[in-house]
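User: I am new to this structure and should like to understand how its strands are arranged. Please take me through it by question and answer.
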Amino acid sequence: MDIIKVLQQELQIGYKQAEAAVQLIDEGNTIPFIARYRKEATGSLNDEVLRNLDERLRYLRNLEEKKEQVLASIREQEKLTPELEKQILEAMTMVAVDDLYRPYRPKRRTRAMIAKEKGLEPLADLISLQMVKEPLEKLAAVYISEEKGVASAEDAIAGAKDILAERISDNADYRTYIRKATMEQGMISSSAKDGETESVYEMYYNYEEPVKRCAGHRVLALNRGEKEKILTVKVTAPEDTILRYLEKKTILKDNPYTTPVLKEIVQDSYDRLIAPAIEREVRSALTETAEAGAIKVFGKNLEQLLMQPPIAGRVVLGWDPAFRTGCKLAVVDETGKVLDTVVIYPTAPQNKVEESKATLKKLIKKYHISLISVGNGTASRESEMIIVDLLKEIPEQVQYVIVNEAGASVYSASKLATEEFPNFDVGQRSAASIARRLQDPLAELVKIDPKSIGVGQYQHDMNQKNLSEALQGVVEDCVNKVGVDLNTASASLLEYISGITKTIARNIVAYREENGAFTDRRQLLKVAKLGPKAFEQCAGFMRISGGSNPLDATSVHPESYGAALALLKRLGYHAEDLTRGGLKELGRKVHDYKKLAAELGVGDITLRDIVKELEKPARDPREEMPKPILRTDVLEMKDLTPGMVLKGTVRNVIDFGAFVDIGVHQDGLVHISQMTDKYIKHPMEVVSVGDIVEVKVLSVDLAKKRIALTMKL
């Protein structure tokens, strides 16, 4: 199999693009590095395409390895024919290879094996030939043997039937047909183990739909209901169609002696050997597709969340709300440094509202706080009411934001948080994290396991290895898109940079603490375990502000410094001109990119990237994202009425819609049918996490805490 050709066709890219990408991956280059600094070679393939290519490359290579193992095993058994070898070599999936290998795979003792040991294979062959001219009992009498354990003609026929049933079951073509028929014409259904039980799975107590129409989120819900022993789930295949197909393939002559027996064999083979396995395979394939879809949605949501714009240059008060234990507050300066922490008790049972307000007024005045970041957990509602009252009483202009605190408690109890804030308790760490995730969501959220960030769907039910790998890739892409300040980035942020391991990230921080701030990117080569290859992979994503080389503050890779300096000189500039905020007119002075690129010894695409970067050094892609909604007043769920139009922030996107925070502490659901008038396959075609959207209230159910919203205004 030409793997490059397969990748080219699947990803719909050029052969040379696929070939170059595979070569770069094999040379140990990371996806972010290839996407950013090897555009010439790959024809500008983006990180998403490259990650898909990398994943498929691994699958196809594993498939080739499996084929080699299967061929070696069949060759050893001296059963490999040229036709079978060709079929195995041309197989495109693991399932197809498994089907072809099935008859030769070492099995535990089956009924067919026992029958063969009794010497009944010749009888099975006779039945299979369908040329019998006398009753089978007469033919079978020859095989009666006390020594071999064949007591009667009926025993012999039963053994021969077992052999033929297994042959039918092991036929790769039959299995392929049956699997396809079940997928296309089968039904999936579920019922409650106990109809009286109240649960979130009530809509599945009496549910049935075609297998091919079962959406991913329903597959995962059925799996979870089954796992929790609330539902019984089954796949019903089009049995009549399948049996007719098997009979047509098996019964080649109308023989009064063999036809009825072969019909019984077909039925037994299907019921006992094929159907249970195919049902497992179909369920497994549905789950795999559903998980892949859910992981993709989770990844997109996570990307949007991580790429939310930072709110820079403001002193923020982080507020971790609680009842009995009090609200933990942390004052964080513009750089993310914690200036003060305090606990107030404005909520029940203490209700020390006035005392708490006095503390808050002092903090706001002392530290010039202009923004309060409130976690959306327990007692958030009550905290918000107190904040709104306070804002009306003070002369300072202060706003507040409700932030999603998912994962804050996971972080605050982690080893990392203990190392970062050794003298703080869990609540103080959580308050600091709530403030910082508003100032720089990316830098703060990378400290939390992506699965705990709360923008997924059924994330605990899926293959954890696949989920972790995919989410790690998303975080890596986001961190490298933004880049990091080499002198302020934490080890947890640095470890996501291309080519940097956890150990090297810690070594960078240690080097910084020992030798002071980096003044030149090349100093990275003095960091323990950071060799030339790691330097090549990471250097372009590390920024140094105010260093000895102005180009170090840009995303121009050191390998292109010669070309960048030659370009500046040719157009009448100096590298020092960059320190004044970029050369906005640079692009207009380049009239022929191709010619100039050739003269400077770089590719056309690379030159365009250098120009773009020099025009606006270290441009933050997050600036283009919608900013969070800053509030000064409060709204409650009981204030909502159908028809009310509000602005909200998309918190989570799932297969059937999106949850939108409209500031009432209960996210409303915009169902996929309420997003737009045109047909869409997935809500992601319309919204992303972090989007600011205008919605209209459709209905409010206070008892069930449900809000239905529409974007069709």
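User: Which residues of strand 13 point to one face and are buried?

Analyst: This is a predicted model, with residues numbered from 1 along each chain as its sequence is written. Local features need pLDDT of at least 70, side-chain atom pairs count only at pLDDT 80 or more, totals for chains, interfaces and linings use all residues, and side-chain values use heavy atoms, with hydrogens and water left out. Along strand 13 (residues 668–671; strands are DSSP runs of E, at least two residues, numbered from the N terminus) the side chains alternate, and Leu669 and His671 point to the face where they are not buried. The residues on the other face, buried (under 20% relative accessible area, 1.4 Å probe, protein chains only), are Gly668 and Val670.

User: Which residue of strand 12 stands opposite Gly668?

Analyst: Strand 12 (residues 657–661) pairs with strand 13 in the antiparallel sense over four bridges; two strands pair if DSSP finds at least two bridges between them. The two form a hairpin with six residues between them, and Gly663 in the turn has a positive phi of about 85 degrees. Opposite Gly668 stands Val660.

User: What is the bridge partner of Leu669 in strand 15?

Analyst: Strand 13 and strand 15 (residues 706–710) run parallel and are joined by two bridges. In strand 15, Leu669 has as its bridge partner Ala708.

User: In what order do the strands of the closed barrel run?

Analyst: Strand 11 (residues 645–654) is joined to strand 12 by five antiparallel bridges, and Ile654 stands opposite Gly657. The barrel has five strands with mixed pairing, in the order 11-12-13-15-14.

User: Which strands stand at the edges of the open sheet?

Analyst: The open sheet has five strands in the order 6-5-4-7-8, and its pairing is mixed. Each edge strand has a single partner strand, so one side of each is left without a neighbour in the sheet. These are strand 6 (338–344) and strand 8 (399–403).

User: At about what angle does helix 20 run to strand 5?

Analyst: Strand 5 (residues 327–332) pairs with strand 6 in the antiparallel sense over six bridges, and Leu329 has Val342 as its bridge partner in strand 6. Helix 20 (residues 426–439; helices are DSSP runs of H or I, at least four residues) lies across strand 4, strand 5, strand 6, strand 7 and strand 8. Axes are lines fitted to C-alpha atoms, for helices over the stretch in contact (heavy atoms within 4.5 Å), and angles run from 0 to 180 degrees between N-to-C directions. The angle of helix 20 to strand 5 is about 50 degrees.

Conventions: Buried < 20%, exposed > 50% of the residue type's maximum accessible area, 1.4 Å probe, protein only.
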